[in-house]
Amino acid sequence: MISIDRSVQTADLGDVRVANRAVVLRHVRLHAPCSRADVAARTGLNKATVSSLVGELIERGLLRETGLTENRVGRPATMLVLDGARYVGLGLQIGADELVVVAADLSGERLLTWRRAFAAATAGPEETVRALAALARRATSRVTGAGRTVLGLTVGVPGLVDADGAVPLAPALGWRGVPLAAELRRALREPGFPVGVDTDANLAVSAELRHGPYAGTADLVHLTGGLAVGAGLVSGGRLLRGGRGFAGEIGHLPVLADGPPSATADPACRCGRRGCLAAVAGVDAVVRRVLPDAAQDGPVTDYLPEIERIQALARAGDEPVRAGLTEIGRQLGHAVSVLVDLLDPEVVVVGGHLATLAPWLLPAARAEVAARTLAPPGGVRLEPSTLGSAASALGGATAALATVEAGQLPAA
Ligand SMILES: [Zn+2]
């Protein structure tokens with residue numbers, strides 16, 4: 001009995017120290033610059049514990065003293081801030097027509113954002129892994145060349161991702177059964193830091209939660225705009241993944257189920273069904289619907305110029321373009337109303353082309369949400385993301401730093 005008690009106690013003390021480290025790091029992240037005494041007073045940890053934890057965190061390069069002093073009555077105090085210098089997370093994202101890599105440090109500063117044109121829908125998994133690995137290697141060598149350590153890399157994928165970082169199905173990419181994390185680790189020749197994979201929607205909502213204007217919102221949804229439309233769901237402050245990690249596939253919610261099927265009113269989705277949200281509001285669907293001439297010279301593979309053309313036409317008051325966007329906005333609102341009835345979020349943020357075209361999509365979407373939801377109006381805000389088109393990569397970089405933020409010390 002005694003030995004069991006002792007081992008339990010040892011484990012608990014270790015866990016307590018990890019948890020306390022996380023508390024100190026979080027407090028400094030949110031309230032820096034602050035003194036050791038502030039940390040103790042505001043977290044409820046005793047001063048000796050704070051002093052010991054801060055000493056360890058400074059030694060490991062996670063906190064530093066700024067040398068600033070706070071002139072209170074009594075002794076001036078040395079102020080603490082997060083040390084952004086030493087550790088970096090990398091995030092990659094597979095976009096509709098590009099790959100993106102972001103490197104961010106522990107203080108949330110973006111050190112680099114690189115993009116390369118890439119036709120993800122047609123490239124296939126092997127070429128995609130090669131291109132992701134090349135981009136990751138370049139970013140890693142830039143970061144390590146500057147004397148920093150990469151703590152981890154997370155890739156955002158528009159599709160289903162399981163607990164092993166494999167992609168059982170990603171209709172937007174035409175992938176089925178791709179062991180992406182394992183393939184990427186092999187391509188990077190076991191890089192010495194963890195390589196993770198998550199849905200682009202989960203990473204984007206994590207980025208919103210940390211870096212966006214609604215940071216800290218406990219009930220928040222991010223809808224990605226790309227070839228797929230995925231939902232990153234935060235409810236009660238927690239990311240909802242579902243039983244197998246497959247929650248949030250709102251892009252395959254049928255929004256055109258009523259009425260007779262027809263080629264224009266009930267378009268085919270990459271998943272093999274008809275009338276899905278992605279088949280209406282995905283970036284390719286929006287371009288097809290609003291700019292019928294765009295594919296005259298062959299299939300569109302570069303979406304940004306087309307979305308900018310739609311934006312310019314809508315701004316200039318082009319009626320057919322505006323009517324098309326209003327109709328898409330209504331269908332987007334239909335899907336959002338389901339989310340609102342199920343989850344009662346405070347804010348739903350839309351990203352990618354949905355954010356770019358928000359002035360013409362969201363008024364109709366908001367009206368549809370108000371008309372279709374049961375709860376009294378005024379409960380949910382539907383807003384464009386302000387994080388830009390690298391939100392998932394930024395979330396990936398943040399995710400790669402999560403173990404340190406949770407109080408685990410990086411390998412020395
Ligand atoms: Zn579908």
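**Close-up 1. Arginine 372 and glutamate 368 join in a salt bridge.** In this predicted model, the side chains of the two residues come together with an N to O distance of 2.8 Å. Both belong to helix H13 (residues 358-372) and sit four residues apart, about one turn of the helix. Take a look at how each residue is covered: arginine 372 is partly exposed, with a relative accessible area of 39%, whereas glutamate 368 is buried at 15%.

**Close-up 2. Arginine 21 and glutamate 56 link distant parts of the chain.** Here the side chains meet in a salt bridge of 3.0 Å, N to O. Arginine 21 comes from helix H1 (residues 2-31) and glutamate 56 from helix H3 (residues 47-59), and the two are 35 residues apart. Are these partners buried or exposed? Arginine 21 counts as buried because its relative accessibility is 9%, under the 20% cut-off. Glutamate 56, with a relative accessible area of 18%, is buried as well.

**Close-up 3. Aspartate 284 pairs with arginine 288 within helix H9.** The closest N and O atoms of this salt bridge are 4.0 Å apart. Helix H9 spans residues 283-290, and its two bridge partners lie four residues apart, about one turn of the helix. Aspartate 284 is buried, with a relative accessible area of 9%. For the wider picture, the structure holds 15 salt bridges.

**Close-up 4. Five strands line up in an open sheet.** Following the strands across, you will meet them in the order S6-S5-S4-S7-S10, with mixed pairing. The edges are strand S6 (110-117) and strand S10 (195-199), each of which pairs on one side only. On average, neighbouring strands of this sheet are turned by 20 degrees against each other, direction ignored.

**Close-up 5. Strands S4 and S5 run antiparallel, and helices pack on the sheet.** Strand S4 (residues 87-94) and strand S5 (residues 98-105) pair in the antiparallel sense over seven bridges. To find one of the partners, start at valine 88, whose bridge partner in S5 is aspartate 105. Helix H7 (residues 200-211) packs on the sheet, where it touches strand S7 (149-157) and S10, and its direction makes about 90 degrees with that of S10. Helix H14 (residues 391-400) packs on the sheet too, touching S4, S5, S6 and S7. The direction of H14 makes about 145 degrees with that of S4.

How values were computed: Residues numbered from 1 in each chain as written. Predicted model: local features only at pLDDT ≥ 70, side-chain atom pairs only at ≥ 80, totals over all residues. Heavy atoms only, no water. Pairing = 2+ DSSP bridges. Axes fitted to C-alpha atoms, helices over the stretch in contact; angles between N-to-C directions. Contact = heavy atoms within 4.5 Å. Buried < 20%, exposed > 50% of the residue type's maximum accessible area, 1.4 Å probe, protein only.
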